[in-house]
Amino acid sequence: MEDDVRYRLTNLIKEKTLELGFAKVGIARAAELTQEGKRLQEWLRRNYHATMEWMERNAERRIDPRAILPEARSVICVAMNYYTPLQHSRDSERGKISRYAWGDDYHIVLAERLALLVECIKQIAPDALTKAYVDTGPVMEKAWAARAGLGWIGKHTNLITRDVGSWVFLGEVITNLDLVPDEPGVDHCGTCRACIDACPTHAIVEPYVLDSTKCISYLTIEHRGEIPDELATKFENWVYGCDICQDVCPWNSFQQPSKEQAFQPRAHNVAPRLEELTQLTVDEFRERYHRSPIKRTKREGLARNADAILRNRSS
């Protein structure tokens, strides 16, 4: 493909992406993630993935997009801003829910938007082959976003962008199109340790390394079974996810309110009463959290989290 054609095609795809409501878009060349893959293997070896066995599966596909789409030549990476300016409650009777879960389920929102992007791409380039992912496939989304220049992976292991901070959802389209790649993101964390020092369970065991077995977000969402009391005492009323490491990040002083209506907070999602969560019925849970990320933890998990906080607070 001639260079001028590549540039025109790349710019047209980027324009369409931003028109669809994404805050950022970048391109990476489809290739093996050699160093990132080594870090993933070491993280798995140290059992920092806890019970998330799916992280161990499809390692080859996670490291090389050509194992997913053999014809892959480019990875289109997108970010959507989800920040809303409400603050977490300080009421001891109310639970805290991670800001990303205040609105509709981002998997649904981004998947629908990426489907529209794929349609646009195929209108521009009818022979294009594509595979789109939103946090559910064997794709190292933060590594690709950094390679595509959207930002860098911070010491808390979240992607940080210079213009809207770390309050972003990520998605990818792997394609056979030969697009012009962007320069990779540059790490701007410097000597800052704010996220490491703020974590109440010391889950960030060293810069850029997260031990999921200690992470409040993992424990309140992915973990099944009882929560150890010695960790529950440090939950600080978080019943679904945790924003502490992002709240203290200096780069989030550049945060901007999301224009996406789907991410606006639902009435029950910002500061639910802890006692009420322990008493929700299955039907009430399903109705309240329909198309919400919170459904992932199930009624039993949400009630368990609230009960662990109440029990350890009164003990």
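Here are three short exercises on a predicted model, each with a worked solution.

**Exercise 1: the span of a helix**

Work out how the reach of helix α1 compares with the expected value at 1.5 Å a residue.

*Solution.* Start by finding α1, which runs over residues 3-19 and has 17 residues. Next, look at its reach: from the first C-alpha to the last, α1 spans 24 Å. Finally, compare: this is close to the 24 Å expected. Just a little further along, α1 is followed by Gly21, which has a positive phi near 100°.

**Exercise 2: the sides of α1**

Find which residues of α1 are buried, and where they sit around the axis.

*Solution.* First, pick out the buried residues: Arg6, Leu9, Thr10, Ile13, Lys14 and Thr17. They lie on the same side of α1 because they cover an arc of only 130° around the axis. Now turn to the face pointing away from that buried side, where you will meet the exposed residues Arg8 and Glu19. Last, ask what covers the buried residues of α1. The cover includes strand β1 (24-29), strand β2 (74-81) and helix α4 (106-124).

**Exercise 3: placing Thr51**

Describe where Thr51 lies, how accessible Thr51 is and what Thr51 touches.

*Solution.* Begin with the loop between α2 (34-45) and α3 (59-63), for that is where Thr51 is found. Then classify Thr51: buried means under 20% and exposed over 50%, so its 40% relative accessibility makes Thr51 partly exposed. For its contacts, leave aside residues up to four places away in sequence; Thr51 then touches Tyr218 and Glu222. To finish, relate Thr51 to Ile13: they are 38 residues apart in sequence and 38 Å apart in space, C-alpha to C-alpha.

Key. Residues numbered from 1 in each chain as written. Predicted model: local features only at pLDDT ≥ 70, side-chain atom pairs only at ≥ 80, totals over all residues. Heavy atoms only, no water. Helix = DSSP H or I, 4+ residues; strand = E, 2+ residues; numbered from the N terminus. Expected span 1.5 Å × (residues − 1). Buried < 20%, exposed > 50% of the residue type's maximum accessible area, 1.4 Å probe, protein only. Arc of directions from axis to C-beta. Contact = heavy atoms within 4.5 Å.
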